[in-house]
Every structure is written in structure tokens, then in C-alpha cells.
Amino acid sequence: MSTAMRELRRAIAAGGADYWLRDARAPAALVAGVAPGPADGQGLVRFDLKVEQGRIAAIAPLGTATEGPDLDGGQVWPGPVDGHTHLDKGHIWPRRPNPTGDFLGALTACAEDRAGWTEADIEARFEWSLRAAHAHGTVAIRTHLESVSPRDPVSWRVFRRLRDRWAGRITLQGCSILPLDRFGGEDGALLADTVAEAGGVLGTVTRLAGGVHDRMPEEFQPMLDRFFALAEERGLELDIHVDESGEAGARALIEIARTAVRRGFRRRIQCGHCCSLAIQPEEFARATIAACAEAGIGIIVLPMCNLYLQDRVPGRTPRWRGVTLVHELRAAGVPVSVASDNTRDPFYAYGDLDMVEVYREATRILHLDHPVGDWPRAAGATPAAAMGLADLGWLRPGAPADLLLFRARGMTELLSRPQGDRIVLRGGRVLEAELPDWRDLDAVLGTGPG
């Protein structure tokens, strides 16, 4: 940590429960209501921020405060929200790597490893991941949970324990994940009941068991209607893994949107990945985007994972980035978020549940700049709204003072370094939390370095 950040940390820690943070910057898009001053050419506004009893009490024009810790023009962001993760399968890479680095290799390796999971194994990796996210400053997470055994929902039992254990530190949501055809019959209803009892979100993958995201089978629509019906009967929201490939036949997204409109489905729907949309004919892509806008669907993009997995052919340079049409979706009024997705498992060999890293890499991969506009919301306010947590992701009076403080002034400074010396505030207090050590997982995994 730099000398300046150490001094700022000490000043905040010594400031008690009520204090001003002087001379701060933030993207104007993250300041709710009327900005306290003009935005500069990078979309940043400068102000003083008051903390009282763990909450933001005021966001005032620069120079309002006469005392308090001085950010010297550094940035302050609200705590980020990670709307798509897989915490129950995280960090299995050291014992179960993906030998090919592609989607089918990931499916195969994860299935092999899952066969040996125990509650203790899942819980240790899951908790390690939460510790990492917490230390990075994340305030809310939605995790997809392996649900292929609805009669023994082990990941859901672990989730419920950890959701309660971490309440007040990270708001944790759970979502089922299994192929669409597995929702048929009694097991599908049993899983939907498990999700409802846990206060979760009903999720699926728009491929069939044992397959990948390619051309949809003839029975796709009846299976999709069955999935919607299970959610409707229990008042559940939906979160769906969609078209995660570069196959032109993977066209589930438009069918999901049309089904939602036809059925009058009124609860929130989030669709993740949607990679194949980027390689569809222009007319079909426009029709799909319009259908998503009509249905009120939110799209969540996993840029690091899909850059890693998609268009991977041995000995050949990838020809595309593996991600969906974020700018076209956003222009049509479709909410777009970014998230971590998998971390150190066969679907993505890297990652640390750091939403600052996700936003930085998303900016580079997806060109979320020139102008930056309101894209900073994609790592906070937009996924928060998709999760029903509309108060998160904003700088506004009355909100919890769960903040990230950076030495960086402009956006290029912020995005040029990992920001490992950030200060995390929780309830206005400096968070005393260290990143967990990789060695803590060695005994759990039965391995050494990954």
C-alpha cells in the first residue's frame, strides 16, 4: 500500500463514526439524483462526502467540508455487486484442470470432480471465495448452485448455512443450475420446491444434459414452457445460462423472450452469456434484442470467462472475443451487467471474485469507454436492480457507507493498475480483512500449488 493510502487509512480509522471525506471523485453515473458539481471529460464529478453512523449523510459540492480525511482527488465507488458466480465449484482447478481449455472440456472435468464433492469440501471452497470477495469490497453476490441431484441438494444446504453466516457482510442469493431437460417429471418439481423454500431463483441452462450450446432440439419449447410454469407456480424469478457458444444454431435467447411475453411472465428474468448473438445475421440479432427489450430481460455478461472459453481451437488464434452484443443491447434499453462467473475451475482457470478486476477487464474486452457513460453501473447498480437490491450500487444520502476508496483520479489511472491498495469501508469503518491465502485450500483440495 502506498504511503498516501496508508495515511488516509489511518486518518479514517481515527475519525470515529462521523466524518467528512474531502475532495473525492466518482463517475457521475454512480451519484444518485443531482450531481454536486459538473462532470469532467471522463464523466467524473468532484465533491465532499459525509459519513454519519455508518451511512452516507451528504454528498456536497467540493469545498463544503473544512476538515476530515483528504482523498486528494482520488475516487470513491459504492461497494460492487457480483451478479453471476459459481461458488460451490470454485477453486477445483488444482485437482481437476481443464485439459483442453474449451467448453466441453470444462463440462467433463466439472462432472468428474462433482462426483466426489462432500458438504465439507463445498463449504470450505465456498467460504474461501466469500472471504476473497469480502476483502475486495463486494457487498452482494448471486451464485449458481449445482442442482443435478434434487433429492440430495447438498450445494443448497451449504448455501443456506453460509447465507446466514455471512448476513450483514455479503448479501447472498442462490440460483439453481442444471440442463433444461432435467426439469421434466417429479425431479424438476422437487428442485423448484427446494429453490422456493430457500428463497432462491430458478435457473437452468438452455442446452440438454450431456450436450453443448448448439442447435435447439424440436422439444425445446415444451421444455422451456415447463420451466416457466414451475417458476410461475411458485412465484420465482428466473436466471438462465443462454447460448454460450459460437454456434449460429444456438438461438434460445429470442425464444425465452417470446415465451415470457406470450405467458405474461412478470417477474425478473436475467440471461447470462448469450455469446452466439454476436455471430448471428444482423436482422436476427436486431429481432432478438427487440424481443429482450419487450420482455424486460436483463443480460449479464461474463467477459473474462467467455474470452477464455470461446473460439478455442488448438494451434489457431481465436477469431472473436466470445462475448455478446452489449452496446446494441444497451442502446435498445436492455440492462447489461458484468460479473465474475467461474473462478479457478475448469470453466475459467483464473479469477479472484474481484469486481474491480472484472470491470477493468470488461472495459478492455467490451470497449466500455470513449465515452465511459453509465457503464460503471454494470458492476453495481445494474446487477443490484436485477437481484432486487435496488438500494445497492449508488452513492446517495442514506445509503450504507460501504465504499471503495482509490488513489486513482481519472479513469485511465483507475483502470491501468489492479488497485490492490484500495481502502474498503464497511459501514463507514475501514475493513480489516485480508485476502485468504491459497495455501488454506491445499488440504481441502488434496493438492499443492494450482
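**Exercise 1. Find how many bridges join β1 to strand β2 (residues 44-52), and in which sense the two strands run.**

Step 1. Seven bridges link β1 to β2, and the strands are antiparallel. Strands here are DSSP runs of E with at least two residues, helices are runs of H or I with at least four, and both are numbered from the N terminus. The model is predicted, so local features need pLDDT of at least 70 and side-chain atom pairs pLDDT 80 or more, while totals for chains, interfaces and linings use all residues. Residues are numbered from 1 along each chain as its sequence is written, and side-chain values use heavy atoms, with hydrogens and water left out.

Step 2. For a residue pair to look at, take Y19, which stands opposite V51 in β2.

Step 3. Now widen the view: β1, β2 and β3 form an open antiparallel sheet in the order β1-β2-β3. Two strands pair if DSSP finds at least two bridges between them. β1 and β3 (55-61) are the edge strands, each with a single partner, so one side of each has no neighbour in the sheet. From one strand to the next, the twist averages 35 degrees.

Step 4. As for burial, eight of the nine residues of β1 (residues 19-27) are buried (under 20% relative accessible area; exposed is over 50% and partly exposed lies in between, with a 1.4 Å probe and protein chains only).

**Exercise 2. Work out which strand β5 is joined to by bridges, and how many of its residues are buried.**

Step 1. β5 (residues 81-85) has five of five residues buried, so the rest of the structure largely encloses it.

Step 2. Its partner is strand β6 (residues 140-146), which runs parallel to β5 and is joined to it by three bridges. Within this pair, T85 faces T143 of β6.

**Exercise 3. Describe the five-stranded sheet and the helix α6 that packs on it.**

Step 1. Read off the order: β8-β9-β10-β11-β12, an open sheet with parallel pairing.

Step 2. Why is one side of β8 and of β12 left without a neighbour? β8 (202-205) and β12 (336-338) stand at the edges with a single partner strand each, so there is no neighbour on one side of either. The average twist from one strand to the next is 20 degrees.

Step 3. At one end of the order, β11 (residues 298-301) pairs with β12 over three bridges in the parallel sense; I300 has S337 of β12 as its bridge partner.

Step 4. Add the helix: α6 (residues 220-234) touches β8, β9 (238-242) and β10 (269-273), and its direction makes about 170 degrees with that of β8.

**Exercise 4. Give the geometry with which α6 meets helix α7 (residues 252-263).**

Step 1. Their axes come within 11 Å and cross at roughly 50 degrees. Axes are lines fitted to C-alpha atoms, for helices over the stretch in contact, and angles between N-to-C directions run from 0 to 180 degrees.

Step 2. The pair is therefore oblique (not under 35 degrees, roughly parallel; over 145, roughly antiparallel; or 65 to 115, roughly perpendicular).

Step 3. Contacts (heavy atoms within 4.5 Å) involve residues including F220, L224 and F228 of α6 and A252, I256 and T259 of α7.

**Exercise 5. Repeat the analysis for helices α3 (residues 119-136) and α4 (residues 154-165).**

Step 1. The axes approach within 10 Å, crossing at roughly 40 degrees; α3 and α4 are therefore oblique to each other.

Step 2. Among the residues that meet are I122, F126 and L130 in α3, with V154, V158 and L162 in α4.

**Exercise 6. Compare the surroundings of two loop residues, E237 and R409.**

Step 1. E237 sits in the loop between α6 and β9 and counts as buried at 17% relative accessibility.

Step 2. The E237 side chain makes a polar contact of 2.7 Å with the side chain of R268 (N or O atoms within 3.5 Å; within protein, one able to donate a hydrogen and the other to accept it, with sequence neighbours counted only if both are side-chain atoms).

Step 3. R409 belongs to the loop between β13 (403-405) and α13 (411-416) and is partly exposed, with a relative accessible area of 43%.

Step 4. Beyond four places in sequence, R409 touches R25, L44, D72, G73, G74 and Q75. Measuring C-alpha to C-alpha, R409 and E255 lie 44 Å apart in space, and 154 residues apart in sequence.
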